[in-house]
Amino acid sequence: MLPSQPLLHAGVFALTVLQTLASNTFIAAVYEHAVILPDPTDKPVSPDDALALMNKNMDVLEGAIKEAAQQGAHIIVTPEDGIYGWQFTRESIYPYLEDIPAPGVNWIPCTDPSRFGPAPVQERLSCMARNNSIYVVANIGDKKPCNFSDPGCPSDGRYQYNTDVVFDPEGKLVARYHKYNLFMIETQFNYPEEPEVVTFETPFGKFGIFTCFDILFHEPAVVLVSKMQVDTVLFPTAWMNVLPFLTAVEFHSAWAMGMGVNFLAANTHKTSFAMTGSGIYAPDGARTYSYNMKTEDGHLLIAELDTHPRLSPASPPAVSWSSYALSVKRFSQNDHDFTGIIFHDQFTFTELTKPGGNLTVCQKDLCCHLSYKMARKRDDEVYVLGAFDGLHVVEGQYYLQVCTLLKCKSTDLDTCGQPVETAQTEFEMFSLSGTFGTNYIFPEVLYSGVRLATGEFKVLNDGRLINKTKPTKPVVTVTLFGRWYEND
């Protein structure tokens, strides 16, 4: 007699758990999705039309989930806005929202879809997880009615949240996260009264989750890692790239390294919005990543990670980020320091006029030290050392301390700090450090063509970022990106 389907599924799930428990690693997947967008409208479409659009996107996601599971992945992360897109008003997004209960209700939507009212999206996601015996992470919208006695209750009588959900390999809802730090155009959503710190346990480590813009703020991102001690962070995002520091692959890889965790970043793919760049990152660098501004294709990434990266021999040691920079006198200063703008922030720059040497540039309390030697000084490329110490106030308010060696867009110094993706200059050596007032520093090395330098640089215990490969590949930027949360 053949076993019944529930018993067969339970047996497969139990075997998967036992195999995972016996290993110190797991297989992770992320999918960068070219989202099928609804037609722009200020008026709500019908619930049937909204579901039809979401099913088109879920058809694509289901294909990626099946492929990931067939390749042995234990978990897959899909992007923010990956099921219905963006550019909504508060009213027009309403048909796309569902009531998402707290995970403690012990609910498998695949087998009990109507327990909390209509939930076709949650039902389908739950079945994707259950049918493929894989954790599925997705971003959808939650709606919660509120009482007008609540002073925060919107005039339409409901809260609307940008929400991440996680379903385990049985299809059970195990995590729900409401995005706290909304991007400035997300007027269709509310943020929760208090930031949520969401974690869940798996056979392959402790996981946490937050969304896109949250990564730049102390809550919930730093709290999740520092206080809750998660092993792996899940990160659905709709990231618009901003060179030279905030391109998805370089910043997300640097954040994983600076925070000492695994980081699974799934981005939406829309080149007209500069949206691309997904990856699977470990504290010692990217395990796999993709950055593609040439085509409109989705892309599945799969890689193996340590279950507990802090215990791995490859885990980088603790760094005293300002130790070296505070111990040395200023290097020779150029009398021709000048200012330039990077993403609306005014940096102080000094030019690398010689093939090699030592330079210092300072702004307020931050002094950035650079020792370098170019493989060959080119007349058609200009590099500068830059420092920024201040409050960034454009799409959000957050305090930065940044030291950077970067290529200017042209030989005109007025272009220094403008976005540039290509370079030809290689370095025999570089050593970058700074007198940071914070320990939250994220090291970035970006090569020509927006390629990461995985395994080709390291950070010394005293805070110096140095190259390991000699010479390097052509360098776009070498950066120590600091977030001084205490000054926000």
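This briefing covers a record-based domain, aromatic pairs and the surroundings of Glu395. The model is predicted. It holds 34 aromatic pairs. Glu395 is buried, at a relative accessible area of 10%.

**Domain**
- An unreviewed UniProt entry places the feature "domain: CN hydrolase" at residues 31–307.
- Across residues 31–307, helix makes up 21% of the chain and strand 26%.
- The end C-alpha atoms of that stretch are 20 Å apart.

**Aromatic rings**
- Among the aromatic pairs, Phe26 and Phe207 meet edge-to-face. Their centres are 5.8 Å apart, with 65° between the planes.
- Phe26 belongs to strand β1 (residues 25–32) and Phe207 to strand β7 (residues 205–209), so this pair ties together parts 181 residues apart in sequence.
- Both Phe26 and Phe207 are buried.
- Phe213 and Phe217 have ring centres 5.1 Å apart and planes at 80°, so they too form an edge-to-face pair. Phe213 and Phe217 are both buried.
- Arg464 lies over the face of Tyr324, 4.3 Å from the ring centre.

**Glu395**
- Glu395 sits in the loop between β17 (383–392) and β18 (398–407).
- Its relative accessible area of 10% falls under the 20% cut-off, so Glu395 counts as buried.
- The Glu395 side chain makes a polar contact with the side chain of His392 at 2.7 Å. Another polar contact joins it to the side chain of Tyr398 at 2.4 Å.
- Beyond neighbours within four places in sequence, Glu395 is in contact with Phe183, Met184, Phe213, Leu216 and Phe343.
- Thr425 is 30 residues from Glu395 in sequence and 33 Å away in space, C-alpha to C-alpha.

Methods:
Residues numbered from 1 in each chain as written. Predicted model: local features only at pLDDT ≥ 70, side-chain atom pairs only at ≥ 80, totals over all residues. Heavy atoms only, no water. UniProt positions renumbered as here; feature names shortened; annotations may be inferred. Helix = DSSP H or I, 4+ residues; strand = E, 2+ residues; numbered from the N terminus. Phe/Tyr/Trp six-rings, centres within 6.5 Å; stacked < 30°, edge-to-face > 60°. Buried < 20%, exposed > 50% of the residue type's maximum accessible area, 1.4 Å probe, protein only. Lys NZ or Arg CZ within 6 Å of the ring centre and 35° of its normal. Contact = heavy atoms within 4.5 Å. Polar contact = N/O pair within 3.5 Å; in protein donor to acceptor, adjacent residues only side chain to side chain.
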